[in-house]
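Here is a short report on the fold shown below. It moves from one contact site to the cores, then to the strands and the backbone.

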Amino acid sequence: MSFRKTLKLICGFAGGSAVLVFAAAAADSSGFFGEQGGERVSRWSRFTVLQAAQPAFTPASHTPTPTGHAWDFNWDKRDPSALTNGKKKENATEDPTSEQNNSKPKATRNILLIRHSQYNLSGNSDKEKILTPLGREQAELTGQRLAALGLKYDVLIHSSMTRATETANIISKYLPGVELVRCDLLREGAPIEPVPPVTHWKPDAVQYHEDGARIEAAFRRYIHRADPKQKEDSYEIIVCHANVIRYFVCRALQFPPEGWLRMGLNNGSITWLTIRPSGRVALRTLGDAGFMPADKLTRT
């Protein structure tokens, strides 16, 4: 076999190394692939030798293994087809297709989750954990960013904790006419024990038990598809905390919720979830803080 043919043969194998290509080509040119024991080695024998030197190539070794979990379109228990199944029709002549169409959501919900700004970490109580001067600057920048987006916001909901309340009040200055709503369910906490665990933060099991139920209740209240009566797309702002936002994102995307601590969020950042009428969920931004100067970024 000529040097050129040998080189083409070797280079055609996926994952071959440059060392193997050079060595095989040199061997062929030196006659090592020539006669052996009085008989010429066949092309297939050479192919077997070279193939054995290559790492095994299978689709499974280069493609992540699918989890096998299909998307649950009734994740929020508001799928119209699931709501109408098993219901007794008052009018026997009623068209079931028409009934289902009337119960279908038609609008998209946009939920902008804002992490509170930097606050006083040395405070002993919630009332003492007020925003720092930098934190107030961050809230101003976030408010300006939300206003610049030019969206028609429907409501501004915020956690009842001091740092979230102050952040929401500053943001609201840039969104005149948008209703402010306070909610205890959105308070910071420990949603679920993280996997993998971390050494610097280990709440007691009872805290996961209590906080987890509350944060899950907040998720069910605020993260779902639009009501069928909603005619236009909505834009809702929720000012809360990093743990709450990260848990919401995992739950909404149907990712393992215990992975929430693998994400990080800057203070004053914007996380944008979109929920379609079909129940599909998209994450448009996660922790967007690109509107802040680099020297204003913190994650405390």
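Which residues does Arg299 touch, not counting residues up to four places away in sequence? They are Arg115, Gly264, Leu265, Asn266 and Asn267. This is a predicted model.

**Arg299**

Arg299 sits in the segment after β8. Its relative accessibility is 55%; because that is over the 50% cut-off, Arg299 counts as exposed. Its side chain makes a polar contact of 3.3 Å with the side chain of Asn266. Along the chain, Arg299 and Arg115 are 184 residues apart. Their C-alpha atoms are separated by 9.8 Å.

**The nonpolar cores**

In general, nonpolar side chains in soluble globular proteins tend to be buried together. Here the largest nonpolar core has 29 residues. Leu186, Ile223, Ile238 and Phe248 have the most contacts inside it. Six elements are named as supplying at least two residues each: the strands β3 (109–115), β4 (155–159), β6 (234–240) and β7 (270–275), and the helices α9 (205–222) and α10 (242–252). The largest share is that of α10, with eight residues.

A second core is separate from this one and has 17 residues. Among them are Ile114, Leu146, Tyr153 and Ala164.

What does Ile238 contact, leaving aside its neighbours within four places in sequence? Its partners are Ile111, Leu112, Leu113, Ile114, Ile157, Leu186 and Tyr222.

**Helix α10**

Helix α10 is mostly covered, with 10 of its 11 residues buried. The buried set is Ala242, Asn243, Val244, Ile245, Arg246, Tyr247, Phe248, Val249, Cys250 and Ala252. Asn243 and Arg246 are thus listed alongside Val244 and Phe248. The cover over these buried residues includes β3, α9, β6, β7 and β8 (281–288).

**His241**

His241 lies in the loop between β6 and α10. Is His241 buried or exposed? Its relative accessible area is 0%, so His241 is buried. Its side chain joins that of Ser159 in a polar contact of 2.8 Å. Not counting residues up to four places away in sequence, His241 touches Arg115, His116, Ser159, Met161, Arg163, Ala164, Leu186, Arg187 and Glu188. Arg115 is also among the residues touched by Arg299.

**Strand β4 and its partners**

Strand β4 is mostly covered: five of its five residues are buried. Both faces are covered. Val155, Ile157 and Ser159 are on one side, and Leu156 and His158 are on the other.

How does β4 pair with strand β5 (residues 179–183)? The pairing is parallel, over five bridges. Within β5, Val181 is the bridge partner of Ile157. β4 and β5 also belong to a right-handed β-α-β unit, together with helix α8 (residues 162–172).

β4 also runs parallel to β6, joined by four bridges. In β6, Val239 stands opposite His158.

**Backbone exceptions**

Most residues other than glycine have a negative phi, and most peptide bonds are trans. Three sites depart from this pattern. The peptide bond from Val195 to Pro196 is cis, with omega near 0°. Pro196 is placed in the loop between β5 and α9.

The other two are positive phi values. Lys77 has a phi of about 60° although it is not a glycine. Lys77 lies in the loop between α4 (59–62) and α5 (80–84). Gln254 follows just after α10 and has a positive phi near 60°. Its loop runs between α10 and β7.

**Relative accessibility of four residues**

The four residues discussed one by one above are collected here.

| Residue | Relative accessible area | Class |
|---|---|---|
| His241 | 0% | buried |
| Gln254 | 29% | partly exposed |
| Arg299 | 55% | exposed |
| Lys77 | 58% | exposed |

Why does Gln254 count as partly exposed? Its relative accessible area is 29%; because partly exposed covers values between the 20% and 50% cut-offs, Gln254 falls in that class. Lys77, at 58% relative accessibility, counts as exposed.

Note on methods: Residues numbered from 1 in each chain as written. Predicted model: local features only at pLDDT ≥ 70, side-chain atom pairs only at ≥ 80, totals over all residues. Heavy atoms only, no water. Core = buried A, V, L, I, M, F, W, Y, C linked by side-chain atoms within 4.5 Å. Buried < 20%, exposed > 50% of the residue type's maximum accessible area, 1.4 Å probe, protein only. Contact = heavy atoms within 4.5 Å. Polar contact = N/O pair within 3.5 Å; in protein donor to acceptor, adjacent residues only side chain to side chain. Pairing = 2+ DSSP bridges. Right-handed = clockwise from strand over helix to strand, strands pointing away.
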